[in-house]
Amino acid sequence: MESHVGASYQVARRPRRPARYWIARAVLYGVLILFALYVLVPFMWVIFTALKSNYEIAQDPLGLPPNWRFENLAQAWNQGKFSRYFINSVIVTVPIVLLVVSLSCLAGYGLARLKMPGRMLIFYFFLVGLMVPFTAIMIPLFYILRDIGVLGTYWAMILPQTAISLPFGIFFMRAFFSGLPYDLTDAAKIDGCNDFGVFRRVMLPLAGPAVAALVVFNFMGAWNAFLLPLIYLQSDKLRPVMTGMMFFTTRWGPDYSMSMAGTLIVMAPIMAVYLVFQRQFIQGLTAGAVRG
Amino acid sequence: MTDSIRQVFANRKLRDYATGYAFVIPALVMYVIFVVYPFFYTIYLSLTKWDGAKPVKEFVGFLNYERLFADPRLWSALSHNLIWIVLGTVTPVAIGLFLGVLLWRGLRGMVFFRTVYFLPVVLAPVAVGIIWKWMYNPQFGPINSTLRAVGLDVLAKGWLGDPYVALPALIFAGVWGYFGFCFVVIMAGLQNIDMEQIDAALVDGANGPQRLWYIIIPGLRHVLTMITAFTLILGVNVFDIIWITTRGGPGRATHVIATYTYNTAFRESYVGYGSALAIVMGTVSLVVSFIFISIRERGGD
């Protein structure tokens, strides 16, 4: 192994030697495949375990399922009330994404392009919110949500999740709108558009890619949120997938086949969507780090 | 005449301002009610003794904070955060940089590797936790089963049940779920590095490590700072993956500040003391963010 690494080093200097070139290639691919296995092997074992019976797991925990028991998935789906959990997740996620994106576009545009006294002050006021962790506000939020009477409804998650997502959304959309050329808005204004018209007809259509990134980012944030529904959506009727999965795997803890089937049910849709919309996912989820 | 012109001008200006505020106010209202107000409310609660149920919150001044400094559970939780931050930042960034440099020049199968490495990033931390809880399962988990299969029974153990191993084991799971993110961001940064500089260095006879140290890393400075900041803040806030696997156990071996705060305020109903912990956490997070912003401002010409 070590001599191979040495060989690859030589090749960097003298790339014309075919044998060494191929050895270097082999080492390179070997390393890349090793990391790919680090990622894929746990997935593989989740799938294998989910499709075995518990007896088969005890007999051979590592191997392929002797009989591929896809009925495990159906059983977990029914026992785990996953249809309820998935519906709940959709019911909370959709309004959160819509609210965050529309409020962020409006405020981001206003703070980037419109004149008003205290504009920078308001912007910095929002920016401070980027540094406040959810833990620092989660305790009183529980009592606030109780006092305004939304505890026990989906709003108990929609409202706080939207609010904590706004600082980043505004920061992101403001940066985007600031970068657009001014000629466009001036032309539209001469044609008789008011500020809202300029926003809706000229600026918003240009913001497609930025909005898409923000949608992915917030969709994943809301769908994957765990602590927030753990505190504010405690009733089983309201539970979204993430906390639902926790209660499912806790209840079926020693039943490995069932708990892995439940895990597979929760993972599969998001992975399927990722494989189809890969570029959008990667852009959306890294948007904060790449742009900032 | 001049009066009316001035009036029209003033009105026009006011109208412009009103439009501006109309764009901002809906977001501002949400933000103030559900972020700013609760933050100050947390400060207030941290000065009280309250179980969350009694009608009266007993004001106790700084008593909770005095207790905090003498609370060994807080210091142990913070030390776990620190370990998580150091290992959980250095490892994925190093792996991401390593893979990024390997794949930089493009390679057949590049898209495949990127897709695979990023795959766990789309999973919820909760799912990552559940997957690895199974991997580490003492009885039938794949890790112990593999060790037994190759005759290394001595190494098989209850990974998450051993107080010395549980935290590193969870960090390893966290790295699994996160290094793909670092990889993709670093790859994006590598695209901005000037190839001519690399070629010039090659002509001058710079070897691989020299090129990495003198050209690639300085070229990635901005990107590396950004990811480090990101990862650091995640490390301060880490909760999901720990709560789903060990709930801070065994003993207190994997408690971090977020799990300790949640447990204190919501499960043990010490709302006042929990709020003081939340303020500590908010302060830590604020200081970390602040340090990073100032480093970035100084370094990011």
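How do the residues lining the largest cavity divide into nonpolar, polar and charged? View 3 has the answer. This is a predicted model, where local features need pLDDT of at least 70, side-chain atom pairs count only at pLDDT 80 or more, and totals for chains, interfaces and linings use all residues. Residues are numbered from 1 along each chain as its sequence is written, chains are lettered from A and ligands numbered from 1 in the order in which they are written, and side-chain values use heavy atoms, with hydrogens and water left out.

**View 1. Here chain A meets chain B.** On one side sit 90 residues of chain A, in contact with 92 residues of chain B (contact means heavy atoms within 4.5 Å). Together the two chains bury about 8,200 Å², 81% of it on carbon and sulfur atoms; buried area is the accessible area (1.4 Å probe) that two parts lose on being put together, summed over both. Look for A:Tyr38, A:Met131 and A:Ile139: they supply 8% of the area that chain A buries against chain B, more than any other three residues.

**View 2. Now for the chain A side of that interface.** Helix H2 (residues 18-50) of chain A brings the largest share of this side, 16 residues; helices here are DSSP runs (H or I, at least four residues), numbered from the N terminus. The residues on this side split into 74 nonpolar, 12 polar and 4 charged. In this split, Ala, Val, Leu, Ile, Met, Phe, Trp, Tyr, Cys and Pro count as nonpolar, Asp, Glu, Lys and Arg as charged, and the others, Gly among them, as polar.

**View 3. This one zooms in on the lining of the largest cavity.** Its residues are A:Trp223, A:Asn224, A:Met242, A:Val266, A:Met267, A:Ile270, B:Leu123, B:Ala124 and B:Ala127 (on a 1 Å grid over the protein atoms alone, a cavity is a set of points where a 1.4 Å probe fits but cannot get out, and lining residues have an atom within 4 Å of a point). Back to the opening question: 8 are nonpolar, 1 is polar and none is charged. H14(A) gives the most to this lining, with 3 residues.

**View 4. Last up is a salt bridge inside chain A.** A:Asp236 pairs with A:Lys81, and their closest N and O atoms are 2.5 Å apart (a salt bridge is a side-chain nitrogen of Lys or Arg within 4 Å of a carboxyl oxygen of Asp or Glu). The pair links distant parts of the chain, 155 residues apart. A:Asp236 lies in the loop between helix H12 (227-232) and helix H13 (241-251), and A:Lys81 in the loop between helix H4 (71-79) and helix H5 (82-113).

Definitions and conventions. Helices (H or I, at least four residues) and strands (E, at least two) are DSSP runs, numbered from the N terminus. On a 1 Å grid over the protein atoms alone, a cavity is a set of points where a 1.4 Å probe fits but cannot get out, and a pocket is an open set with protein on both sides within 12 Å along at least five of seven lines; lining residues have an atom within 4 Å of a point.
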